[in-house]
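Let's take a walk through this protein chain together, going from the whole to the details. Please have the sequence and the 3D view open as you read.

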Amino acid sequence: MTAAAEKTNLLGMPKAKLEAFFESLGEKRFRATQVLQWIHQRGADDFDQMTNMSKALREKLNEVAEIRGPEVVYDEMSNDGTRKWVMRMDNGNNVETVLIPDGERGTLCVSSQIGCSLDCTFCSTGKRGFNRNLTAAEVIGQVWVARKAFMPFEPGPDRPITNVVMMGMGEPLLNFDNVVDAMNLMMEDLAYGISKRRVTLSTSGVVPAIDRLAEVTDVSLAISLHAPNDELRNKLVPLNKKYPIAELLAATKRYFARLPEKRKATIEYTVIEGMNDQPEHARELAELLRDLPCKINLIPFNPFPESDFRRPSMNATRRFQAVLNEAGYVATIRTTRGDDIDAACGQLVGKVEDRTRRSQRYIQVQQVNP
């Protein structure tokens, strides 16, 4: 029998790859349809459960394949109903996944990397450094685990997952192929059947990958902007030095121009006291975005130990919002959810064996400047 470590994990395979897998076994392509439904719609993790397949095929699958999701090491509910899972991946690394309920809507925030290879100054994840990209099975595995937690779907306070946002730990476009495979499964009718308008990828601005993304999918796109000019954004989002705002917005316009229907970009703007929260910043942002159909999501900064930034007052955030509204934009203020369990935006950290040694450098700086 093939060793478990050598088995093919079917969890992260979208339909086309699963069809190719079955053809490689000398089986019919329609077996992929059956297995997709068993895994993603019924939560199966054992081939012996798949009773519409022959015993011989199930035995063959047990020899060469597996259905293996992440291990849940922490599962806690916030006072406001937000739920956070910490999931252990290979080699002891953990990532965090958050479900935010809102009436009949349930939005799952999914991670794409262990840690983050970028180092945005307002984000706790980046301060933990970077280990590796998640596999497609590890990305979709977060959705699989969360959905199983709510099975069966019965009337009551628990809601199914209606929206997925690739806004957890990591930069999704730096794990391109695995994230695309996972998003295809999210939208696959035989799997989760989530609308392309309800699957959102958030990027800090990997410009070439935005253009590549437009060639393979039409999911919704959110731009993690956070500043109205390059000088300020260089301080907050170091990637901006490589792909400045003008290039980022041009790539965003190209992405939406290729979609078959009109849709708007989401602009994410973390509001930080004394840094980017003044009315003049809002006026500059309004001018910057005037040629881009978009909605703006204002995110009050969520503090964490490694940062000296401060959360803005609600009055300051509302003044910022008012300037944008008066300029004709739909600008909303994101309600902070799950901060009592460190599940709010910018607070996800997990457990990262840091290959970049970034986390060690931050600790050293803190010891010198307590």
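What percentage of the 370 residues of the chain count as buried? The figure is 54%. Please keep in mind from the start that this is a predicted model. The pLDDT of the chain averages 88, and 87% of the residues reach at least 70.

Two stretches call for some caution. Over residues 154-158 the pLDDT stays under 50, and the model gives this stretch one contact beyond four places in sequence. Residues 361-370 also have a pLDDT below 50, with five contacts beyond near neighbours in sequence. Where pLDDT is low, the predicted coordinates are not something to read in detail.

Now for the overall build. Twelve helices and 14 strands make up the secondary structure of the chain. If you take the contacts with a separation of 6 or more, 66% of them come from residues 24 or more positions apart. The accessible surface comes to about 16,700 Å², and carbon and sulfur atoms account for 47% of that surface.

The sheet is a good place to settle in. Ten strands form an open sheet with mixed pairing, and you can trace them in the order E3-E4-E5-E6-E9-E10-E11-E12-E13-E14. At the edges you will find strand E3 (71-77) and strand E14 (331-333), each of which pairs on one side only. On average, neighbouring strands of this sheet are turned by 20° against each other, direction ignored.

Let's start at the E3 edge. E3 and E4 are joined by six bridges in the antiparallel sense, and Val 72 stands opposite Met 87 in E4. The hairpin of E3 and E4 has five residues between the strands, and Gly 81 takes a positive phi near 95° there. On to the next pair: E4 and E5 are also antiparallel, over six bridges, with Glu 96 in E5 as the bridge partner of Val 86. Their hairpin has five residues between the strands, and in it Asn 91 has a positive phi near 65°. E4 itself is mostly covered, with five of its six residues buried.

Which helix lies across this part of the sheet? Helix H5 (residues 136-148) lies across E3, strand E4 (83-88), strand E5 (94-102), strand E6 (105-109) and strand E9 (163-166), and runs at about 130° to E4.

Further along, the pairing of E9 with E10 is parallel and consists of three bridges. Here Met 166 has Leu 201 in E10 as its bridge partner. Strand E10 (residues 199-203) is mostly covered, as five of its five residues are buried. In a regular strand, side chains alternate between the two faces of the sheet. Look at E10 with that in mind: Val 199, Leu 201 and Thr 203 point one way, Thr 200 and Ser 202 point the other way, and all are buried.

Next come strand E11 (residues 220-224) and strand E12 (residues 265-271), which run parallel and are joined by three bridges. Ser 224 stands opposite Glu 268 in E12. In the loop between E11 and helix H8 (230-236) sits His 226. The phi of His 226 is near 75°, a positive value in a residue other than glycine. His 226 counts as buried because its relative accessible area is 3%, under the 20% cut-off.

Glu 268 comes up again when we reach Asn 297, a residue in strand E13 (residues 294-300). Leaving aside residues up to four places away in sequence, Asn 297 touches Thr 266, Ile 267, Glu 268, Tyr 269, Thr 332 and Arg 334. Is Asn 297 buried or exposed? Its relative accessibility is 15%, so Asn 297 counts as buried.

Our last stop is the cysteines. How many disulfides does a search of the whole structure find? The search finds zero. For Cys 116, the closest cysteine sulfur is that of Cys 120, and the 6.5 Å between the two sulfurs is too far for a bond. Cys 120 also holds the closest cysteine sulfur to that of Cys 123, again at 6.5 Å and too far for a bond. As for its surroundings, Cys 116 has a relative accessibility of 10%, so Cys 116 counts as buried.

Key: Residues are numbered from 1 along each chain as its sequence is written. This is a predicted model: local features need pLDDT of at least 70, side-chain atom pairs count only at pLDDT 80 or more; totals for chains, interfaces and linings use all residues. Side-chain values use heavy atoms; hydrogens and water are left out. Helices (H or I, at least four residues) and strands (E, at least two) are DSSP runs, numbered from the N terminus. Buried means under 20% relative accessible area, exposed over 50%, partly exposed in between (1.4 Å probe, protein chains only). Contact means heavy atoms within 4.5 Å. Two strands pair if DSSP finds at least two bridges between them. Axes are lines fitted to C-alpha atoms, for helices over the stretch in contact, and angles run from 0 to 180 degrees between N-to-C directions. pLDDT is the predictor's confidence in each residue, from 0 to 100. Accessible areas come from the Shrake-Rupley method with a 1.4 Å probe; for residues, only the protein chains shown count as cover. A disulfide is a pair of cysteine sulfur atoms within 2.5 Å.
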